[in-house]
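Let's take a walk through this protein and the two molecules bound to it. Have the 3D view open and follow along.

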Amino acid sequence: MIRIVIAGPRGRMGREAVSLVHETKHFELVAVVDRINEGKTLAQLDGFPAIEVPIFTDLERCLQTVQADVFIDLTTPEVGKRHAEIALHYGVRPVVGTTGFTEDDLTRLTQVAEEKKIGAIIAPNFAIGAILMMKFAQMAAKYFPHVEIIELHHDQKLDAPSGTALKTAQLIQQVRPSFIQGHEAEKETMEGARGALYDGMRIHSVRLPGLVAHQEVIFGGDGQTLTIRHDSFHRSSFMSGVRFSVETVMKLETLVYGLEHLIE
Ligand SMILES: NC(=O)C1=CN([C@@H]2O[C@H](COP(=O)(O)OP(=O)(O)OC[C@H]3O[C@@H](n4cnc5c(N)ncnc54)[C@H](O)[C@@H]3O)[C@@H](O)[C@H]2O)C=CC1
Ligand SMILES: O=C(O)C1=N[C@H](C(=O)O)C[C@H](O)C1
């Protein structure tokens, strides 16, 4: 039995994760961390099944009160990084789906996990299709160094570019010679027209109601283009990755950033 705390239970991802944990025989939800509702139980909140677990608004107090093995964070960038460090401090293995972490944040959390000698997973995308899309993009970049990334998300997303787009750019960077794409004299007549720049690659962020989570990686070569696209139409697409991460983090002793390192 793996004892789990979830932060962000009322969010779009948090609700799915609560259902997943509740329905998985070898998982036990022992508490949730919410922004509000201190002292209530999850069962008292609208839209939740009768799950009698306590709600805390402070992760430290939560981890001082309940015994947990894994902490799942699905909140906001600022909260997620603070939570991940607290969980490590209390010896509880973080599985972080929250995006918007900087390289400095990742370095810091990697150090803390090493000091504590416990596993942690930070996964910018839990969907198997998205992980394959990133792996395929890395494979293609060896042959097509000219590439642009277009990520498309719902309009309530806080961070841009998405964690997935950044991870894709990092994976491509590992195999692509560093150079600035496009015409050397290119000039934006409207700021932002060419998107964000990551090691010479452009990343474009689209935000619209109706979208969930989507990404296209477009490669250009002589007389041809190659487009690799993934679509998450529902947040259920992320849940098998959450389950896999909870099970896997129990066996790790370091921080792993990205499920591509854990999937053959
Ligand atoms: N890794 C992955 O596969 C995926 C990651 N995400 C990421 O997960 C995060 C959450 O996404 P959504 O569920 O769409 O957002 P959301 O806005 O629906 O949910 C976030 C929840 O966090 C809660 N929250 C804020 N501050 C808090 C605090 N101090 N303590 C406890 N809870 C707090 C909010 O009340 C809200 O319920 C985002 O960073 C998003 O980018 C989203 C989808 C998939
Ligand atoms: O906010 C979202 O919705 C998503 N966020 C993650 C990201 O930033 O890549 C994963 C997925 O794209 C959905």
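A quick definition before we start: a polar contact here is a pair of N or O atoms within 3.5 Å. Keep in mind, too, that this is a predicted model.

With that cut-off in hand, look at ligand 1. A nitrogen atom of ligand 1 has a backbone N or O atom of G97 3.1 Å away, so the pair counts as a polar contact, being within 3.5 Å. The backbone helps out elsewhere too: a polar backbone atom of R12 is 2.8 Å from an oxygen atom of ligand 1, and a backbone N or O atom of F126 also lies 2.8 Å from an oxygen atom of this ligand. Overall, the protein covers 84% of the 860 Å² of accessible area that ligand 1 has on its own. Two elements, α1 (12-23) and α3 (77-89), each give two or more residues to its shell. That shell counts 22 residues, with R12, M13, T99, A123 and F126 the closest. By class, they split into 8 nonpolar, 8 polar and 6 charged.

Now where does ligand 1 sit? It's in the largest pocket, and ligand 2 sits in the largest pocket as well.

Around ligand 2 you'll find residues including T99, H153, H154 and D159, and the shell has 3 nonpolar, 7 polar and 2 charged residues. Side chains join in here: T164 has a side-chain N or O atom 2.4 Å from an oxygen atom of ligand 2, and a polar side-chain atom of K157 lies 2.7 Å from a ligand 2 oxygen. G163 uses a polar backbone atom, 2.8 Å from an oxygen atom of ligand 2.

Note on methods
Residues are numbered from 1 along each chain as its sequence is written. Chains are lettered from A and ligands numbered from 1 in the order in which they are written. This is a predicted model: local features need pLDDT of at least 70, side-chain atom pairs count only at pLDDT 80 or more; totals for chains, interfaces and linings use all residues. Side-chain values use heavy atoms; hydrogens and water are left out. A residue is near a molecule or strand if one of its heavy atoms lies within 4 Å of it. A polar contact is a pair of N or O atoms within 3.5 Å; within protein, one must be able to donate a hydrogen and the other to accept it, and residues adjacent in sequence count only if both atoms are side-chain atoms. On a 1 Å grid over the protein atoms alone, a cavity is a set of points where a 1.4 Å probe fits but cannot get out, and a pocket is an open set with protein on both sides within 12 Å along at least five of seven lines; lining residues have an atom within 4 Å of a point. A molecule sits in a cavity or pocket if more than half of its atoms lie within 2 Å of its grid points. Ala, Val, Leu, Ile, Met, Phe, Trp, Tyr, Cys and Pro count as nonpolar, Asp, Glu, Lys and Arg as charged, and the others, Gly among them, as polar. Accessible areas come from the Shrake-Rupley method with a 1.4 Å probe; for residues, only the protein chains shown count as cover. Helices (H or I, at least four residues) and strands (E, at least two) are DSSP runs, numbered from the N terminus.
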